[in-house]
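Please open the structure in a viewer and keep the selection tool at hand. This tour proceeds stop by stop, naming what to select and then what is found there.

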Amino acid sequence: MDQGTFEAVDRFIGETIVAEDKGLRGAVEAAEAAGLPSIQVSPPQGKLLAMLVRLVGAKRILEFGTLGGYSAILMARALPAEGRLISLEASPDYAEVARRSIEAAGVGEKVEVRVGPALETLPLLEEEGTGPFDLVFIDADKVNTPNYFAWSLDRTRPGGLIVADNVVRDGSLAEEADADEATRAQRRLHEMLAEEPRVDATTIQTVGVKGYDGFLVALVEPA
Ligand code: SAH
Ligand code: DHB
Ligand code: MG
């Protein structure tokens with residue numbers, strides 16, 4: 001089995017149970033035209049995120065890493081009319097592309113994109129008393145995933161979910177002495193969660209158009 005097979009299967013899934021509509025395709029095209037990297041969640045992964053939003057009955061979502069707004073659009077659409085999603089993005093240019101696509105996809109009212117490195121924009125969220133969140137999607141700079149997780153855990157309601165993308169990293173997650181800082185961060189996150197009674201968590205390895213990676217899902221336990 002190889003990358004070609006993984007892509008063919010994602011294509012088949014896309015032709016059958018996971019259809020992308022105009023809003024999502026538009027977001028991908030706008031991102032491509034603006035030169036953004038094509039690293040958004042795959043359509044099947046995005047569909048799972050949207051289903052998780054519905055399963056937890058989420059009304060407040062926090063996202064780390066907006067890029068061109070693809071995952072934000074998917075999650076926002078799964079929210080009820082009064083639901084809100086705040087997405088944090090370091091790049092002002094990406095945020096602008098995302099805002100346009102989010103508006104064009106019909107969820108402009110539900111989504112707020114905040115510009116700046118997340119560690120710098122989180123204190124303002126805190127000051128404003130935003131949250132608690134029902135679902136957090138962590139998908140920004142990977143070295144900070146454990147920091148974003150720790151911040152989010154204190155601000156996610158019991159029964160809420162924290163999902164972190166890109167934790168498996170071509171299998172390097174299993175390499176104890178891996179030199180990559182981003183990989184070390186995912187190992188640290190797992191070690192941290194092993195000792196954390198406030199969540200029940202699992203990591204699912206994935207293959208597909210984005211190669212071999214995986215995401216972590218953590219369910220916040222009642223206090
Ligand atoms: N969630 C998006 C993909 C995000 S890609 C989707 O699936 O559609 C990762 C994003 O994180 C990029 O847009 C990158 O600019 C952003 N990013 C990188 N460092 C960041 C930081 N410190 N704070 C916030 N965003 C950051
Ligand atoms: C990268 C970021 C992502 O969120 C992803 O899913 C894949 C790759 C990256 O920064 O290279
Ligand atoms: Mg990702």
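The stops below begin with the two ligands and then move to selected helices and loops. The model is a predicted one.

**Stop 1: ligand 1**

Select ligand 1 together with the residues around it. Which residues come nearest to ligand 1? Of the 21 residues around this ligand, the nearest are G65, S71, E89, A118 and D139.

Three of these residues merit individual selection. Begin with E89, where a polar side-chain atom lies 2.6 Å from an oxygen atom of ligand 1. Proceed to A118, where the backbone is involved: one of its N or O atoms lies 2.9 Å from a nitrogen atom of ligand 1. Then choose D139, which has an N or O atom in its side chain 2.8 Å from a nitrogen atom of the ligand. Taken alone, ligand 1 exposes 590 Å², and the protein buries 88% of that area.

Now colour the shell around ligand 1 by residue type. It divides into twelve nonpolar, five polar and four charged residues. Helix α4 (70-77) and strand β2 (84-89) each supply at least two residues of this shell. If the viewer can display pockets, note that the space taken by ligand 1 is the second largest pocket.

**Stop 2: helix α4**

Keep ligand 1 visible and select α4. How many of the residues of α4 are buried? Seven of its eight residues are buried, and the helix is thus described as mostly covered. The buried ones are Y70, S71, A72, I73, L74, M75 and A76. S71 also belongs to the residues that come nearest to ligand 1.

**Stop 3: ligand 2**

Select ligand 2 next. Its surroundings consist of I39, D139, K142, D165, N166 and K210. This shell divides into one nonpolar, one polar and four charged residues.

Which atoms approach ligand 2? An N or O atom in the side chain of D139 is 2.7 Å from an oxygen atom of the ligand. For D165, a polar side-chain atom lies 3.1 Å from an oxygen atom of ligand 2. For K210, an N or O atom of the side chain is 2.4 Å from an oxygen atom of ligand 2. Taken alone, ligand 2 exposes 290 Å², of which the protein buries 61%. Ligand 2 sits in the second largest pocket, and the space taken by ligand 1 is the second largest pocket.

**Stop 4: D139 and K142**

Return to D139 with both ligands displayed. Its side chain has an N or O atom 2.8 Å from a nitrogen atom of ligand 1, and an N or O atom 2.7 Å from an oxygen atom of ligand 2. Add K142 to the selection: its side chain makes a polar contact with the side chain of D139, at 2.8 Å. K142 is found in the loop between β4 (133-138) and α7 (145-153). Is K142 buried or exposed? K142 counts as buried because its relative accessibility is 16%, under the 20% limit.

**Stop 5: helix α7**

Follow the chain from that loop into α7. This helix is mostly covered, with seven of its nine residues buried. Those buried residues are T145, P146, Y148, F149, W151, S152 and L153.

**Stop 6: backbone details**

Most residues other than glycine have a negative phi, and most peptide bonds are trans. The next selections depart from that pattern.

Select G131 and P132 and examine the bond that joins them. The peptide bond from G131 to P132 is cis, with omega near 0°. P132 is placed in the loop between α6 (118-128) and β4.

Then move to N166, one of the residues around ligand 2. Its phi is near 65°, a positive value in a residue other than glycine. N166 is found in the loop between β5 (156-164) and α8 (181-194), and it counts as buried because its relative accessibility is 11%.

R169 lies in the loop between β5 and α8. It has a positive phi of about 50° although it is not a glycine. With a relative accessibility of 22%, R169 counts as partly exposed.

**Stop 7: D10**

Finally, select D10 in helix α1 (residues 3-15). D10 counts as buried, since its relative accessibility is 12%. Add L49 and show the C-alpha atoms: D10 and L49 are 39 residues apart in sequence and 16 Å apart in space, C-alpha to C-alpha.

Note on methods: Residues numbered from 1 in each chain as written. Chains lettered and ligands numbered in written order. Predicted model: local features only at pLDDT ≥ 70, side-chain atom pairs only at ≥ 80, totals over all residues. Heavy atoms only, no water. Near = heavy atom within 4 Å. Polar contact = N/O pair within 3.5 Å; in protein donor to acceptor, adjacent residues only side chain to side chain. Areas by Shrake-Rupley, 256 points an atom, 1.4 Å probe, with all protein chains shown as cover. 1 Å grid on protein atoms, 1.4 Å probe; cavity = no way out; pocket = protein on both sides within 12 Å on 5 of 7 lines; lining within 4 Å. Sits in = over half its atoms within 2 Å of the grid points. Helix = DSSP H or I, 4+ residues; strand = E, 2+ residues; numbered from the N terminus. Nonpolar A, V, L, I, M, F, W, Y, C, P; charged D, E, K, R; others polar. Buried < 20%, exposed > 50% of the residue type's maximum accessible area, 1.4 Å probe, protein only.
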